[in-house]
Number of protein chains: 2
Amino acid sequence: MEKNKSLEAFFTEGYKRFRDGISIDCAIFGFHKEKLHVLLSKNIIITRWALPGGFVLKEENLEQAAKRITTERTGMDELFFRQFKTFGEPNRNIQKDLFDYNKFAEIAGFDVPQNTWMTQQSISIGYYAVSNLSESQPQIDIFNSECKWFPIDEIPSLGFDHEEILSEALHTLKIHLYHYPIGQTLLPDKFTLKEIKNLYEILSGKHLHASNFPNKLIGLGLIEKTEEKRNIGAHRAPTFYKFNQEVYEQMLKEGFVLV
Amino acid sequence: MEKNKSLEAFFTEGYKRFRDGISIDCAIFGFHKEKLHVLLSKNIIITRWALPGGFVLKEENLEQAAKRITTERTGMDELFFRQFKTFGEPNRNIQKDLFDYNKFAEIAGFDVPQNTWMTQQSISIGYYAVSNLSESQPQIDIFNSECKWFPIDEIPSLGFDHEEILSEALHTLKIHLYHYPIGQTLLPDKFTLKEIKNLYEILSGKHLHASNFPNKLIGLGLIEKTEEKRNIGAHRAPTFYKFNQEVYEQMLKEGFVLV
DNA sequence: TTATCATTTCCTAATTTTTAACAAATAATC
DNA sequence: GATTATTTGTTAAAAATTAGGAAATGATAA
């Protein structure tokens, strides 16, 4: 196997480009077939699935890094993004048994360098994103051999402290649901009342009324009717609705309380 | 002026004890004379007031560090603590004009060492705490020449990005107000209905009804009557109330939605 | 062309919650 | 024992929420 130069350079030269001791992990949520999904990736060197993550370039701020990492992995940008927590247990990322050194050597053509900047202790800053899953194109690269969506109730065992990170992301998402108009980036531009009701039911875990709940959103001015309808075969065609951009931005800026 | 050995050791040897590139800043809130206050301290080397902060010991986790820093500065522990955001703009802490090198040399007896671990770029993890101000005893030390409470509407100009950090802390506190029983550590063990109403009015910025709001908290089981009353002179003595510990802990764990 | 059907969406009454004003209770002082 | 200022309970009106059923709809089949 030929030596993979770019991979080797990442280990040995990466400290020049990236900030030391900091990583970013992203819980990227999507909504499909009435289920919440989360994007996981499989690093070639790590034996378990994990949240997509990466490092922060020296000239970047944290949010830019999170957005870059998410775009690299999904092809999408302009998502709803929020930082939710930073994880810093001592040695949280140093778990030797999670690394598959043999497989790495086989793929990369050289042994994992020991004691480089990458293998030092680092803290991880967690961001969550909500995306329209159907528009995403999960990407692999030299570090990630697999990348795909998992329904939230079928998450495999995750590496490092990523189960805790995902759980905190969900917790924050559920709180933010009451204060930010999260739906916009989880749904297509045009959606039916049933779809937005389903979305909120799944995120909140509560049963909502088929017309009372949409009426509340309409009453707030957050969503509004369009001219178009969806053809669903031999039934009444539901009207498409869209977010009112002005109200959406105001709620995003000022926050609101949804009950 | 004699050379201050412990101060010098902090600069030159600190990298052995503390994690690199990470600092903690704490927005410590208290409630006094119907106003929300925040604790600020004045570092001997920095020309502006700032939020109390510090570094993370290598064997510590982030929350332990935040608690240690808060206890050092206030003498209090067992406060309500939450991490709210991490700040990582490139070079956010490198602002030469904020450092008073002459004053430092005068006090310490040596020049500020350049290019030590302390003067490197670092990210800051923000924690907020809510405390019962009247029980606090703001402490100074070799780094901090002053430390005191400021009413939230009389905050002086702050160093670094601490105005942004404080503003984010307040924003998070106001959201958490709806989901966590924050009052417990802001109030004395026993308080009157008027006091808890005032607290929520100030934090939420909304006017609340003198009996309807307390009745809601009583209805939730969160607070309950005690046998004692406060003597306030020639008026009806208000009854002291206390938090129901069981309900409090459950709400803390499971969250709730206050409307 | 019309009847049928499943689904969306509107309507309305019942219920619950919130709000606001007022009255009662209270404890120290006059 | 009356007075006073404040706390706290009561109650009725207003508002919001909930739930169920009815109407509307668009495609299909008769």
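A polar contact is a pair of N or O atoms within 3.5 Å. By that rule, His235(B) touches DNA strand D: an N or O atom in its side chain is 3.0 Å from a sugar or linking oxygen of the strand. The model is predicted.

## The surface near DNA strand D

The surface near DNA strand D draws two or more residues each from helix 7 (212-220) of chain A and helix 6 (193-204) of chain B. In total, 19 residues surround the strand. The closest are Lys229(A), Gly233(A), Arg236(A), Arg236(B) and Thr239(B). Of the strand atoms that come within 4 Å of the protein, 64% belong to sugar and phosphate. By residue class, this surface has five nonpolar, eight polar and six charged members.

Bases are reached too. His209(A) uses its side chain to approach a base nitrogen of DNA strand D. Ala234(A) approaches a base nitrogen with a backbone N or O atom. The table lists these polar contacts with the strand.

| Residue | Protein atom | Atom of DNA strand D | Distance |
|---|---|---|---|
| His209(A) | side-chain N or O | base nitrogen | 3.0 Å |
| Ala234(A) | backbone N or O | base nitrogen | 3.2 Å |
| His235(B) | side-chain N or O | sugar or linking oxygen | 3.0 Å |

## The interface of chains A and B

Chain A and chain B each put 24 residues into their contact. The buried area comes to about 2000 Å², with 59% of it from carbon and sulfur atoms. Which elements of chain A each supply at least two residues to the side that touches chain B? They are strand 1 (18-32), strand 5 (80-87), strand 6 (123-130) and helix 4 (162-176). Strand 5 gives the most, with four residues. The chain A side splits into 11 nonpolar, seven polar and six charged residues.

Charged residues are present on that side, yet the count of salt bridges between the two chains is zero. Polar contacts do occur: the rule finds 10 residue pairs across the interface, both partners at pLDDT 80 or more.

## Chain A as a whole

Chain A holds eight helices and nine strands. Its C-alpha atoms fill a box of roughly 60 × 40 × 30 Å along the principal axes. Of its 259 residues, 50% are buried. Among contacts in chain A with a separation of 6 or more, 76% join residues 24 or more positions apart.

## Arg73(B)

Is Arg73(B) buried or exposed? Its relative accessible area is 5%, so Arg73(B) is buried, the cut-off being under 20%. Arg73(B) sits in helix 2 (residues 62-74) of chain B. Its side chain has polar partners. The side chain of Asp141(B) makes a polar contact with that of Arg73(B) at 2.7 Å. The backbone oxygen of Gln139(B) is 2.9 Å from a polar atom of the Arg73(B) side chain. Beyond neighbours within four places in sequence, Arg73(B) is in contact with residues including Leu39(B), Ser41(B), Pro52(B), Gln137(B), Pro138(B), Ile140(B), Asn144(B) and Cys147(B).

## A backbone detail in both chains

Phe160(A) is not a glycine, but its phi is positive, about 50 degrees. Phe160(A) belongs to the loop between strand 7 (144-151) and helix 4 of chain A. In chain B, Phe160(B) has a positive phi near 50 degrees. Phe160(B) lies in the loop between strand 7 (144-151) and helix 4 (162-176) of chain B.

Key:
Residues are numbered from 1 along each chain as its sequence is written. Chains are lettered from A and ligands numbered from 1 in the order in which they are written. This is a predicted model: local features need pLDDT of at least 70, side-chain atom pairs count only at pLDDT 80 or more; totals for chains, interfaces and linings use all residues. Side-chain values use heavy atoms; hydrogens and water are left out. Contact means heavy atoms within 4.5 Å. Buried area is the accessible area (1.4 Å probe) that two parts lose on being put together, summed over both. A salt bridge is a side-chain nitrogen of Lys or Arg within 4 Å of a carboxyl oxygen of Asp or Glu. A polar contact is a pair of N or O atoms within 3.5 Å; within protein, one must be able to donate a hydrogen and the other to accept it, and residues adjacent in sequence count only if both atoms are side-chain atoms. Ala, Val, Leu, Ile, Met, Phe, Trp, Tyr, Cys and Pro count as nonpolar, Asp, Glu, Lys and Arg as charged, and the others, Gly among them, as polar. A residue is near a molecule or strand if one of its heavy atoms lies within 4 Å of it. Buried means under 20% relative accessible area, exposed over 50%, partly exposed in between (1.4 Å probe, protein chains only).
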